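Biologist: I am new to this structure. Could you take me through it, one step at a time?

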Amino acid sequence: MKKATPHFCEITNDKLFLIRSRKRISLKEIVMLRGEINYTSIHLLSGKVLIVPRTIKIFENLLSSYAFIRTHRAYLVNEYHLQEFDLHKNCVKLTNNMTALISRRRKEAFEHFLD
């Protein structure tokens, strides 16, 4: 069963194309996504942050087959930017000294993802 592509973006050639803003972002450039109610902040390798008026759940469905994993209700991280996993603080350190929390409920799935 093929996933329906949201009308606000599409993925082609490993690039996320935001239709309304006409921006193409390489998936490798995305460090993490952070959900904030009905908005998602896309944090890029360059340090730039794009804010998109969509929930993180939509991006989770769209990016789950592209090495992105949901670590917390507010975070979706790119596997290629993982640097360190702190078991005691329940967080991961990412490129550019960014950190993302890991919830108790998603911790086991995250550990399986790393294996």
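**Salt bridges, a sheet and a strand residue**

Modeller: Let us start with one contact: the side chains of Lys57 and Glu60 form a salt bridge, with N and O 3.7 Å apart. Keep in mind that this is a predicted model.

Biologist: In which helix do Lys57 and Glu60 lie?

Modeller: The two residues are three apart along the chain, about one turn of the helix. Both belong to residues 56-63, which form helix α1.

Biologist: Is Glu60 buried or exposed?

Modeller: Buried means under 20% relative accessible area. Glu60 has a relative accessibility of 17%. Its partner Lys57, at 45%, counts as partly exposed. Glu60, by contrast, counts as buried.

Biologist: With which residue does Glu60 meet in a salt bridge of 2.6 Å?

Modeller: Look for the pair with N and O 2.6 Å apart. The side chain that meets Glu60 there is that of Arg70.

Biologist: Why does the pair of Glu60 and Arg70 tie together separate parts of the sequence?

Modeller: Glu60 is in helix α1, while Arg70 is in strand β7, residues 68-72. The pair therefore links parts 10 residues apart in sequence. Arg70 is buried too, at 12% relative accessibility. The elements tied together are helix α1 and strand β7.

Biologist: Which residues do salt bridges with shared partners join into one network?

Modeller: Glu60 bridges to Lys57. Glu60 also bridges to Arg70. The network is made up of Lys57, Glu60 and Arg70.

Biologist: How many salt bridges does the structure hold?

Modeller: Besides the bridges of Glu60 with Lys57 and with Arg70, Glu36 forms one with Arg34, at 3.8 Å between the closest N and O atoms. Glu36 is partly exposed at 37%, and Arg34 is partly exposed at 33%. The total is three.

Biologist: Now to the open sheet. Which strands stand at its edges?

Modeller: The sheet has three strands in the order β9-β10-β11, paired antiparallel. An edge strand has a single partner, so one of its sides has no neighbour in the sheet. The edge strands are β9 (82-86) and β11.

Biologist: What is the average twist from one strand to the next?

Modeller: The order to follow is β9-β10-β11. From one strand to the next, the twist averages 25°.

Biologist: Which helix packs on the sheet?

Modeller: The helix touches β9 and β10. Its direction makes about 135° with that of β9. It spans residues 104-114 and is helix α2.

Biologist: Which residue in β11 stands opposite Cys91?

Modeller: Strand β10, residues 91-94, pairs with β11 over three bridges, in the antiparallel sense. Opposite Cys91 stands Leu101.

Biologist: Which residues is Thr99 in contact with, leaving aside neighbours within four places in sequence?

Modeller: Thr99 lies in strand β11, residues 99-101. Thr99 is partly exposed, with a relative accessible area of 45%. Its contacts are Met32, Tyr75, Val92 and Lys93.

Biologist: How far apart are the C-alpha atoms of Thr99 and Ser65?

Modeller: Along the chain, 34 residues separate Thr99 and Ser65. Between their C-alpha atoms the separation is 22 Å.

Biologist: One last topic, the rings. Over which ring does the charged end of Arg24 sit?

Modeller: The structure holds zero aromatic pairs. The charged end of Arg24 is 4.3 Å from the centre of a ring. That ring belongs to Phe17.

Notes. Residues are numbered from 1 along each chain as its sequence is written. This is a predicted model: local features need pLDDT of at least 70, side-chain atom pairs count only at pLDDT 80 or more; totals for chains, interfaces and linings use all residues. Side-chain values use heavy atoms; hydrogens and water are left out. Helices (H or I, at least four residues) and strands (E, at least two) are DSSP runs, numbered from the N terminus. Buried means under 20% relative accessible area, exposed over 50%, partly exposed in between (1.4 Å probe, protein chains only). Contact means heavy atoms within 4.5 Å. A salt bridge is a side-chain nitrogen of Lys or Arg within 4 Å of a carboxyl oxygen of Asp or Glu. Two strands pair if DSSP finds at least two bridges between them. Axes are lines fitted to C-alpha atoms, for helices over the stretch in contact, and angles run from 0 to 180 degrees between N-to-C directions. Rings of Phe, Tyr and Trp (its six-membered ring) pair if their centres lie within 6.5 Å; planes under 30 degrees apart count as stacked, over 60 as edge-to-face and the rest as tilted. A charge sits over a ring if NZ of Lys or CZ of Arg is within 6 Å of the ring centre and within 35 degrees of the ring normal.
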